[in-house]
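Hello,

Here is the structure you asked to look at. My notes follow below it.

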Amino acid sequence: MIRRNGRIVDDLPDYLGARGHLVALRDGDLAYLHVHADEDRLAFEADFPTVGAYRLFLQFRHGGEVRTAEFTVEVEEDR
C-alpha cells in the first residue's frame, strides 16, 4: 500500500504497461527477480528462489513522476 502524508494513494496510472514494477536482489549473490503488479492494483506475487535477505525496489508513477521505494525483506523457510 502506498501512502502520502498518511493517506492511501490509489490513483496510480500505468508505468511501462503495469501499475508498478518490483525488482528484488538477493543479498550475497544478487539473484534477481522482476515482477509486475496485478492488473488493477499495486500488489505483487512472487516466488523467491531461496531463503535470505532481499533488497526490493518498487517503481510506480504518481503525480506525473516515476517514484522509487526501497526496502528489505527476509525470506524464511516455509514451516
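**Salt bridges, a buried arginine and the core**

The side chains of Arg 41 and Asp 38 form a salt bridge, with an N to O distance of 3.4 Å. Arg 41 counts as exposed, at 52% relative accessibility, whereas Asp 38 is partly exposed, with a relative accessible area of 28%. Please keep in mind that this is a predicted model.

A search of the whole structure gives four salt bridges. One of them joins the side chains of Asp 14 and Arg 19, at 3.2 Å from N to O. Asp 14 is partly exposed, its relative accessible area being 41%, and Arg 19 is also partly exposed, at 23%.

Another salt bridge is formed by Glu 70 and Arg 55, whose closest N and O atoms are 3.1 Å apart. Glu 70 belongs to strand 6 (residues 65-75) and Arg 55 to strand 5 (residues 52-62), so this pair ties together parts that lie 15 residues apart in sequence. Glu 70 has 49% relative accessibility and counts as partly exposed because the exposed class begins over 50%. Arg 55 is partly exposed as well, at 33% relative accessibility.

Arg 26 is a separate case. It is found in strand 3 (residues 21-26). With a relative accessible area of 13%, Arg 26 falls under the 20% cut-off and is therefore buried. The side chain of Arg 26 makes a polar contact of 2.5 Å with the side chain of Thr 50. Once neighbours within four places in sequence are set aside, Arg 26 is in contact with Ala 31, Pro 49, Thr 50, Val 51, Ala 53 and Tyr 54.

Tyr 54 also appears in the largest nonpolar core, which has 12 residues. The other members are Ile 2, Val 9, Leu 12, Leu 22, Ala 24, Leu 33, Val 35, Leu 56, Leu 58, Phe 60 and Val 75. Strand 3, strand 4 (32-36) and strand 5 are the elements that give two or more residues to this core. Strand 5 supplies the largest share, four residues.

Phe 60 is one of the core residues. Apart from neighbours within four places in sequence, Phe 60 is in contact with Ile 2, Leu 12, Arg 19, Gly 20, Glu 65, Val 66 and Arg 67. Ile 2 and Leu 12 in that list are themselves members of the core, while Arg 19 is the residue that meets Asp 14 in a salt bridge.

Regards

Note on methods:
Residues are numbered from 1 along each chain as its sequence is written. This is a predicted model: local features need pLDDT of at least 70, side-chain atom pairs count only at pLDDT 80 or more; totals for chains, interfaces and linings use all residues. Side-chain values use heavy atoms; hydrogens and water are left out. Buried means under 20% relative accessible area, exposed over 50%, partly exposed in between (1.4 Å probe, protein chains only). A polar contact is a pair of N or O atoms within 3.5 Å; within protein, one must be able to donate a hydrogen and the other to accept it, and residues adjacent in sequence count only if both atoms are side-chain atoms. Contact means heavy atoms within 4.5 Å. A nonpolar core is a set of buried Ala, Val, Leu, Ile, Met, Phe, Trp, Tyr and Cys residues joined through side-chain atoms within 4.5 Å.
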